[in-house]
Amino acid sequence: MILSIFTDLSSTGTGFVFVIVSVVFSLLGLFIFKKITEKEHIRRSSESFVALVSIISILYAVLLAFIVVVAWENYDNTGNNVDEEANSITTVFRDAKLLGDSIAAHSLQKNLTEYDHLIATREWVTMQTGDTYMGHKTKAAKELFPVIRAMNKILKDYESKGTKDDAVFADLLQNFNKMQECRRQRLLNAGKEIPDILWIVILAGTIITLIFTFFFHFEHFLTKAIFTSLIAVMMALTMFLIYYLNH
């Protein structure tokens, strides 16, 4: 992805970079534009440019709004899935205490604790890069799979003792399967990103819109610079919002 350079930065640092780059580009472009154009020509053409910028800004705003909505929906769905996974882990841990076999219950809880620790400290970090391969090839997954196999074996051995009709075990097994299903969905969501071509369109639209603001007529250059900078900041924050929700 073209924005993968921000992977190692904090959210605050990434947002700061977005804003600084956008403002520097806008001010530098405005200064160059001032040097190569005549002020009187800008003043005479200002009304025409305002109408044209209005059309472009509407199209650009619709595009950004659509992408923000899509990014937010994915962010919200991912958050709900993580909540369900956490709830399933908690329920399995709680129901394990009610199993008739205390040894199986203790072993299951011990493995669940390790499972939860590995997800929080290893797999979650891996997800940040989006390089999860559905969790099958990462170092975190290699540490996690033996724990999952151990829990599967505990449940299979317990079930073989004729406990299929045990309501507690049935509920535990259902939540265990839900836990695994949510994990797979979480890894899938971690790999979902806005396509590069869409980022190119967003960046191109941002640059074009900023360039068109250079054609607005102001009596004082400082006022024009402040106006352009504020628009650049707003655009940068919108792009940062999309990037943040996407990660």
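Helices are taken here as DSSP runs of at least four residues, numbered from the N terminus. In this predicted model, helix α1, which spans residues 11–36, gives the most to a nonpolar patch, with four residues. The patch lies on the surface, covers about 500 Å² and is made by L28, F31, I32, I36 and F221; of these residues, L28 lies in helix α1.

The packing of helices was examined next. Two packed helices are described by the angle between their axes and the distance between the axes. For helix α3 (residues 102–127) and helix α5 (residues 167–190), the angle is about 10 degrees and the axes are 12 Å apart. Because angles under 35 degrees count as roughly parallel, α3 is roughly parallel to α5. On the α3 side, the contact is formed by L108, L112, Y115, I119, E123, W124 and M127, which meet L172, M179, Q180, R183, R186, L187 and A190 of α5. By class, the residues of this contact between α3 and α5 comprise 10 nonpolar, one polar and three charged.

Two of the residues in this contact, E123 and R183, also form a salt bridge, in which the closest N and O atoms are 2.5 Å apart. The pair links distant parts of the chain, since R183 belongs to helix α5 and E123 to helix α3, with their positions 60 residues apart in the numbering. Across the whole structure, a search finds seven salt bridges.

A second pair of helices is formed by α6 (residues 196–213) and α7 (residues 221–246), whose axes come within 10 Å and cross at roughly 170 degrees. Angles over 145 degrees count as roughly antiparallel, and α6 is therefore roughly antiparallel to α7. In this contact, W199, I202, L203, T206, T209, L210 and T213 of α6 meet K224, T228, I231, A232, M235, M239, I242 and Y243 of α7. The residues of the contact of α6 with α7 divide into 10 nonpolar, four polar and one charged.

A further contact involves V68, which is found in helix α2, a helix spanning residues 39–96. When the neighbours within four places in sequence are left aside, V68 is in contact with T238, L241, I242 and L245. The C-alpha atoms of V68 and L241 are separated by 7.6 Å, although the two residues are 173 residues apart along the chain. I242, one of the residues in contact with V68, is also among the α7 residues that meet α6.

Definitions and conventions
Residues are numbered from 1 along each chain as its sequence is written. This is a predicted model: local features need pLDDT of at least 70, side-chain atom pairs count only at pLDDT 80 or more; totals for chains, interfaces and linings use all residues. Side-chain values use heavy atoms; hydrogens and water are left out. Axes are lines fitted to C-alpha atoms, for helices over the stretch in contact, and angles run from 0 to 180 degrees between N-to-C directions. Angles under 35 degrees count as roughly parallel, over 145 as roughly antiparallel, 65 to 115 as roughly perpendicular and the rest as oblique. Contact means heavy atoms within 4.5 Å. Ala, Val, Leu, Ile, Met, Phe, Trp, Tyr, Cys and Pro count as nonpolar, Asp, Glu, Lys and Arg as charged, and the others, Gly among them, as polar. Patches are made of residues with over 30% relative accessible area and no salt bridge: like charges are joined within 9 Å, nonpolar side chains (Val, Leu, Ile, Met, Phe, Trp, Tyr) within 5 Å. Accessible areas come from the Shrake-Rupley method with a 1.4 Å probe; for residues, only the protein chains shown count as cover. A salt bridge is a side-chain nitrogen of Lys or Arg within 4 Å of a carboxyl oxygen of Asp or Glu.
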